[in-house]
Number of protein chains: 4
Amino acid sequence: MDYRVKDLSLASQGAAKISWAEQNMPVLMLLRRKYSEAKPFKGVRVGAVLHVTKETAVLMKAFIDAGAEVALAGSNPLSTQDDVAAALVEYGVHVYAWRGQSGEEYYWCLEKIVEWRPQIVLDDGADLHALIHEKHVQLASSIVGGTEETTTGVIRLRALEREGLLKYPVIAVNNAYTKHMFDNRYGTGQSTFDGILRATNMLIAGKVVVVAGYGWVGKGIAARARGLGARRVIVVEVNPIRALEAVYDGFEVMPMSEAAEVGDIFITATGNKAVVRREHFEKMKNGAVLANAGHFNVEVWIPDLEALSRSKRQILPYVTEYELSDGRRIYLLAEGRLVNLVAAEGHPSEVMDMSFANQFLASLYMLENKGSLPLKVMNPPVELDEMVARLKLESMGIRIDSMTREQEEYVKSWRHGT
Amino acid sequence: MDYRVKDLSLASQGAAKISWAEQNMPVLMLLRRKYSEAKPFKGVRVGAVLHVTKETAVLMKAFIDAGAEVALAGSNPLSTQDDVAAALVEYGVHVYAWRGQSGEEYYWCLEKIVEWRPQIVLDDGADLHALIHEKHVQLASSIVGGTEETTTGVIRLRALEREGLLKYPVIAVNNAYTKHMFDNRYGTGQSTFDGILRATNMLIAGKVVVVAGYGWVGKGIAARARGLGARRVIVVEVNPIRALEAVYDGFEVMPMSEAAEVGDIFITATGNKAVVRREHFEKMKNGAVLANAGHFNVEVWIPDLEALSRSKRQILPYVTEYELSDGRRIYLLAEGRLVNLVAAEGHPSEVMDMSFANQFLASLYMLENKGSLPLKVMNPPVELDEMVARLKLESMGIRIDSMTREQEEYVKSWRHGT
Amino acid sequence: MDYRVKDLSLASQGAAKISWAEQNMPVLMLLRRKYSEAKPFKGVRVGAVLHVTKETAVLMKAFIDAGAEVALAGSNPLSTQDDVAAALVEYGVHVYAWRGQSGEEYYWCLEKIVEWRPQIVLDDGADLHALIHEKHVQLASSIVGGTEETTTGVIRLRALEREGLLKYPVIAVNNAYTKHMFDNRYGTGQSTFDGILRATNMLIAGKVVVVAGYGWVGKGIAARARGLGARRVIVVEVNPIRALEAVYDGFEVMPMSEAAEVGDIFITATGNKAVVRREHFEKMKNGAVLANAGHFNVEVWIPDLEALSRSKRQILPYVTEYELSDGRRIYLLAEGRLVNLVAAEGHPSEVMDMSFANQFLASLYMLENKGSLPLKVMNPPVELDEMVARLKLESMGIRIDSMTREQEEYVKSWRHGT
Amino acid sequence: MDYRVKDLSLASQGAAKISWAEQNMPVLMLLRRKYSEAKPFKGVRVGAVLHVTKETAVLMKAFIDAGAEVALAGSNPLSTQDDVAAALVEYGVHVYAWRGQSGEEYYWCLEKIVEWRPQIVLDDGADLHALIHEKHVQLASSIVGGTEETTTGVIRLRALEREGLLKYPVIAVNNAYTKHMFDNRYGTGQSTFDGILRATNMLIAGKVVVVAGYGWVGKGIAARARGLGARRVIVVEVNPIRALEAVYDGFEVMPMSEAAEVGDIFITATGNKAVVRREHFEKMKNGAVLANAGHFNVEVWIPDLEALSRSKRQILPYVTEYELSDGRRIYLLAEGRLVNLVAAEGHPSEVMDMSFANQFLASLYMLENKGSLPLKVMNPPVELDEMVARLKLESMGIRIDSMTREQEEYVKSWRHGT
C-alpha cells in the first residue's frame, strides 16, 4: 500500500486520539455503524484533501467501513497531526501528509491523490478541484462528484462554474446549515482563541480585540472575544449591512486604519488578502499580536511586515517577534496561517461531527444520483441537513416539539386575520 | 377632510412625541428632506395599514412632503397612539384609528382605506391585502403595488401568489436585511421586555424565561432575556436546525410540555397558533406570566385558559389574572396581543427608521417601475438595502472600510492556492 | 387618623397593585404571616421615610400586622405612587406623601413623622435621621433605634458617628449582603433602564452608554447596558481598583472629559455631585441623553446645563430638552432625579422583598435588644442575612448543598498538604 | 551554587519564554527597574515556594536585581516548567524543582529551602509555612516575615494564628484587591478553560457545565463558561448568599446530587474536599469530564472513582479514562490537580503581574518594617494595592478621573439633603 507520512510508530498514539474524537462525534459514528453492513461505497475510490486531524480520521474510517478505498492528503502544509496520519495508514488509508511541508511537497501530495484516480473528491479550500481542472481535466469524466468544505473553496468553485469550466457536480457541504452555521461560528470562534492562548497564554480580559470580517467566522470570534472579557471588541467590515449588524450586536465598527492604533490583538477572518498591511503595521502599538483565522495566509500581509522590520525571531513555538525599524515589536502567530489549526487542534470534534456527517451523506447522495446531477455547485439537500440536526440533538439528549396537525394547517393557510 | 380618531385635542402632545421620533430616525429624515423638493409622489394616493405610532407618523409625513396623499388605519385594534393619530390628522393624513377598537371597528377602518382607492398599499400583517383580494379585487387594477412589513404577512401573501391569486406586485419590505435582521431581532427583542416590565415591573434576573420560536424575533428575545440576567433561558422550537442553533448559542431547548413545568415567564414568537395551550397551562407553576410577541393573539390559546379558570380579573392595566380551578394563578399580559405594542411603545424609533426608510424607498421603486414589475412577492433590491445601511452607519458617525482594487480582484479570482 | 395624600379614591387601584407586589415578595410575606400572631411590635410606633411604592406598602402592612402603629412619609418628592399611598391610609397607616412635592412640602411631611414621636425610625437617604439630629435631638432618647436603606445614607450617618453625634443605634440595612448586593446591582441595574426606556423608548443596541461610578449600582447598570446590546459601555471612575475591575469585566474606562465626546446616554451612579458638569456638556454630541441613578439629583449638575442653554422644553413626560446656545440639544431625564423611581416604578418587588425583609428583621432585632445596643452604625447580624437568602432560595424552588461533616472539619483544619 | 532541576540545557528556551512574560508584566518590570539601583534587598535571603513558571521567573529576577539572594521550590509536583527552572539557575537562583515529582521529592525540595535559612518566605498554599511551623520552628526567629499567595493558604495560616502558633508576621498577598479580584477571577477563569481545551479540545458551546463553588474562582469560571457558549451553567454552593448571587448573576443553582445527572463538564473550585464523590459518580452521564481548579487535588475524590472503576487508561496526555463497572466512562483531567497549571500554563502573565507586584511590595514593606509588625496574618496596606492598580491602568494607556476639591468635600460631608 502506498503512502507517505512522518513516522508510522506514532500510530498507537494517533489511535488513542481518534478514539477520543469518536466519543465526541456521535452523529458520524451512528452513520458509520449504519452503513458498515450495506457497504454502499464498495469499490469506490474516495480521494480527500482535508486537514489531517483526528476528526478527519473518523470520517475516513467511516468511508473505509462503508466499503470505500480512501486516499488522503492534508489541506494545509502545517496542519497535519502526524500521529493521526500514521494511525490512518494502519487503518488502510493511503495517506500523503506530514506537518511542516514545503509548498512543493504540498502539491506533490495533491498530485498523488490525482494520480490515484479518485471517483469522489473531497476538498477543503478547492486546491484539489483547481488542480484537476487546471492540469488534469481529462480525469474529470471518471469523477462522480466532489464536495467542498469551506466558504473560500465554494467561492472559487462558483467562479469556475460561472466561467462554464466546472467538469463534475460539486456539493457545497460548506452551505449545509449544520455545517457553516456551526463549524464556522462556534468551532472557529472557540478554536481561534484556543490557538491564541496556546501560542501566547495572554489574558483576553481587558484587551482590545480587532476582528476583521463579520461573516460566520468573524461573528463567532467576536462573540468569544466578548465572552472572554475583552474590553473592546472592534469589527472591521467592508459590507455596510454586516457592519451594521456588528454594531447592533454590541460591537464597535471602524476602518482598519483606525483600529490599527488601538488594537492589542488583531484577528483576520475575511477570506481576502492584505487586510492588515503596511499602512496598518505603521500605526500599531508596541506589542500588538496578529493572528489569522481565514483559510489562506494572505490576510496579514507578511511581505509588508518583513519590509518594515529590522529583525525577527521565533520567541515561542508559534510566536514570531518582528522588531520594526522604529523599535516597536509586533508578534505574528502561526506565521499568519490558520491559528486554530496550527497552534491548536482545529475545530472541536463536536462541530466536525456535523460537517463530516454532511460530507459523508453528500458523497453518498452523489453516488446514489450518479450521472443525474447537473454540472453545478449545489447546496446539500435540506432533508440531509435536517437529519444531521435531528441526530445531533438526540445525541445530546434534547427533544424538540413538532407541530400539531392544526398548527401545520395554520401556517399553510393565509385566510385568517386580526 | 375625512378621518376618524379619538380626540383631536391631543394633537400637540402627539406632535411633541413625533418630534422625538424625528430626532431618532436620521435615515428617514434624510430621505424626507431629499424628496420634499422633487415631490415624486405628487398626486399619488398612498393607503397604509400600520401601527399608528410616532414612528409611522414620520413615514406618513415623509410621504406627504414627497407629494403623496395619505390615508392610514391602524394594523392592530390596541396599538394606536391616539395623540399621534390626532397630530397626523393635523398634518393632513386621513387617519382612521383609535386605541381599543372592536373587531368590527377594525375592519370598518380598513374598508375606509379601500373605499379611498389607494394606488400604493402599505400593510403590516396583510389584512389589507387580504381584504382587497377577498372582497375588492376589482380595485387591484388601479394599484401600482404594495408593501408588506411582517414575516406573517409575507407568508400569507406568498400563499396567495402560489395559488396564482396575487393581483398586484408586492415588495416584502420585511425581507430587506436592514429591516428583518434589525427590526425583528433588536427592536422586538428590547421592546418585548420593555412591555413586560411596564406591565409587571418584574425582575428578570433569576427568572426562568421560556421563548417559543427561534426565528429572528425569538433570537432577539432570548438574547435580551440572557442580557437581563435570566437564570435559565429555554427555547422551544419545531425546526431541528434552529433548535440546534439555540443550543449552540447557549440556550436550553426542550418541548413546551417540559418547559411549562419550570418557566416563570413565557414569551411566544412563532407566528403559529396555540403554542401555549391547555396541556401546558395544566402544568404551569403558580404565578406564571404569559406574553406574546407574535403578530396575532393566537399563540397563547386563550379559550383553553378561559376554560380552565374559575375567575379572572384585571390586576394591573396590562395584567389579567386567571385563577384556575385548582387555585393556581396565571397572569396574561396585554390579552395575549403583541406585548411590545400594547404595554409599551413598539419598536424604538431607531429600528423603525430603517424599516420605514425601506418602505419609502420600496414605494418609490414601485412607482418608478410602474407597470413593469411582475405579479409577485419580491424582495427589495439589494442596492436600496445597502443604501439604508450606509446612511444608518453615517448617522451614527461610523465609518467602514472599502476594498482596495487588489482586494476586489482577489475575491473575484479563483486561481490562487495555499 | 391623621394623614395627607393626593386622593383617597385611588385606594382600590393601589390595593390591586399591592396584591401584585405581595405575589412577588415571598420572603416578606412569610415573615408577615409568621409575626401576625405574636405581634411583637404591639404598641410600638414605627416612623418611616421611604419611597411610597407598592413594595414599601407590603412592609408597612407587615409592621401593622405585627402590631405596630405606623407613620410614613416619602423619601423623594417625585417618587410617591398616589394610589398606593391611598391604599395604605385605608390599611391604617399615617401617610404623608404625594407625588410632585415642593422641597418645603417634602420637609413638612418629615416633620409630621417627627412630631408623631416614632420609636423606631426607618430611613432612605438619612434625611429623617439628619432632621432629628439637627433640629429635634431631644426626641432621640425615646428612639429605640433606626435603620438606613441606602449607601448614601450610611455615609452620612457614619460621618455623624465619627463626630460623636449619633444619638441612637442604627442598623445599616444597606450593608446586608442580601440587600446591597442584590438591590443596588440587579434592582437598580434593571430599573434604571426600565426608567430610560419608559421615558424615551430608545434602542439601547448600538448605543454608546457612559456609566459614572462602578460601585454596586454602576456594576449593575454597566452589565445591563451590555446585556441590552450597547456597542460601547464606558465606565468613569475615580478609584483605580474599581476602574481596573471595570476594565477586566470587559468595559472601557476613561475620564468623563473624554467620554463626554462619544457618549449617547450618560448614567450617573456615584453618590457624588457634579459628575457631569459644564466642561462635559460643552463637549457632548447633539442628542445626548442624561439620566441619574444616584440618590440625589446633584450628579448631573443642572445649574451648569441651565446656564449653557438658550431654551428648554418638556418634550415627553420625563424628557426635558435643553437647547444649548450653539444649537445642540441635550435631553435630561426625570429632572436629574432617580430615573428608575421617577420614570419607572423603582426596584422590582423581588429585590425589595429582601431589602424589606432585612428592614423588618433589623427592626425586630433592635426591639429585642432595646437598650443594649451601642450608639453606632452597625451592620445587620449575618444570621439574619443568611436567613433571608435561604428563604429567598426556597421561594424560588432552589435547593443548595450543605457540607458533610468531613468537609466541615476539613475547612477548619490547616494540617493538610499537597 | 546548589540547585536541582531537570535539564540545564533548556535554559535558553526558558529565557525566551521569560522575555515574553516580561513583555506582559509591565508593573513588575517597572518596579524591577526602579529598585535595581538602590538594591534594598541586598544580602537578604528570599526563599520562595511558588509555581515555577515564566511569570514567577520575572519575580525572582526582580528580587535578584534588587539585591536579594533567592531560593525557589515548586509549589506543586506537576506545575514546574523545566525550561524556566533552568533559565533561573543561570540567572543565579537556587532552584529545586522539576515537573512530575513524587510527594517525597516535593517535600525534599521544600526542606532544601528551609535548610537554606531564608529570611523572607514566599508561599503558595502554605506548605512551606506549615513545614517551618511543624518541623523547624527554631528557624522562625530569623524570619523577617512571610507572604501567602492563595486563599487556601490564608485559611491555613489564620488557623495557625487563631491557635496562637504563628511565629512570624505574614502578609496575605492573596487579600490584595489587585490580587484576588483579578488573579482568582479573570486569571483562573480563563486558564481553567485553557487547560480543559488543551487537554480535550472539546467544544464548550452547547455543553452543560457544572461549577462547584462560587467564590472568586468559581465566579470567573462560571462567567467564562457562559462566555464560551455553554447552554447551561450550573453552580453548586453551600453558602446561601453566594448561591443567591449566582442565581441573580444568571446561573442555575442546585445540589451536586442533581447536577451530577445532567453535567457534561464538572469543575471544582471550592477549597474543600470530596466535592465530587461516589454518590455523584454513580449518577453521571457516560462521557462526563471532571476538572479541578482548586489548590489541592482533593475536590474530585479520586479514591471513590478508583473504587467504582474496572479499568483506567491515559487516553490523551492530560486525560485519564475511567471505565466504571457499569460500562460508563468518566474522564478525569490532570489527575484532579489544578487543570490550569497542569494542562495549560497557569495564570496569564498579565494577572501575575499584579499578584507578583504585590508580592514584591509586600516583601519590601516587611523588610522596611522589620521587627515592628505583629505576629499576625495581615492584609496588604491599601496604598500598595492602589499603587499597583494605578500602574496597571497606566500600562494599558488608560486614564481615570480624580475628584474635584468640591467633590472631595461633598463625600466627606453629611449635611446635605434632598
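The legends below describe close-up views of a predicted model.

**View 1. Positions in chain A that carry a UniProt binding-site annotation.** The unreviewed UniProt entry places the feature "binding site" at A:Thr53, A:Asp124, A:Glu149, A:Lys179 and A:Asp183. Two of these residues, A:Glu149 and A:Lys179, are taken up in the next views.

**View 2. Surroundings of A:Glu149 in the loop between strand S5 (145–148) and helix H7 (151–162) of chain A.** With a relative accessibility of 3%, A:Glu149 is counted as buried, because buried means under 20%. Beyond the residues up to four places away in sequence, A:Glu149 touches A:Asp123, A:Asp124, A:Val173, A:Asn174, A:Lys179 and A:Asp183, and also A:Met352, A:Ser355, A:Phe356 and A:Gln359. Among these partners, A:Asp124, A:Lys179 and A:Asp183 are also listed in the UniProt record under "binding site".

**View 3. A:Lys179 in helix H8 (residues 177–200) of chain A, and its link to A:Glu149.** A:Lys179 has a relative accessible area of 2% and is therefore classed as buried. When neighbours within four places in sequence are left aside, the contacts of A:Lys179 are A:Glu149, A:Thr150, A:Val173, A:Asn174, A:Asn184, A:Ser355 and A:Asn358. A polar atom of the A:Lys179 side chain lies 2.7 Å from the backbone oxygen of A:Glu149, so that this particular approach involves the main chain of A:Glu149 and the side chain of A:Lys179.

**View 4. The second largest pocket, with a space of about 1200 Å³.** The lining consists of 49 residues, of which B:Arg198, B:Tyr318, C:Arg198, C:Tyr318 and C:Ala343 are the closest to the centre of the pocket. By residue class, the lining of the second largest pocket divides into 22 nonpolar, 13 polar and 14 charged residues.

**View 5. A:Lys39, a residue other than glycine with a positive phi.** The phi angle of A:Lys39 is about 45 degrees, and A:Lys39 is found in the loop that runs between helix H2 (26–38) and strand S1 (45–49) of chain A. At 32% relative accessibility A:Lys39 counts as partly exposed, because this value falls between the limits of 20% and 50%.

**View 6. D:Glu335, a residue with a positive phi in chain D.** D:Glu335 is not a glycine, although its phi is positive at about 55 degrees. The place of D:Glu335 is in the loop between strand S14 (329–333) and helix H14 (339–342) of chain D, and with a relative accessible area of 44% D:Glu335 is partly exposed.

Notes
Residues numbered from 1 in each chain as written. Chains lettered and ligands numbered in written order. Predicted model: local features only at pLDDT ≥ 70, side-chain atom pairs only at ≥ 80, totals over all residues. Heavy atoms only, no water. UniProt positions renumbered as here; feature names shortened; annotations may be inferred. Helix = DSSP H or I, 4+ residues; strand = E, 2+ residues; numbered from the N terminus. Buried < 20%, exposed > 50% of the residue type's maximum accessible area, 1.4 Å probe, protein only. Contact = heavy atoms within 4.5 Å. Polar contact = N/O pair within 3.5 Å; in protein donor to acceptor, adjacent residues only side chain to side chain. 1 Å grid on protein atoms, 1.4 Å probe; cavity = no way out; pocket = protein on both sides within 12 Å on 5 of 7 lines; lining within 4 Å. Points joined across faces, edges and corners; volume = space filled by probe spheres on them. Nonpolar A, V, L, I, M, F, W, Y, C, P; charged D, E, K, R; others polar.
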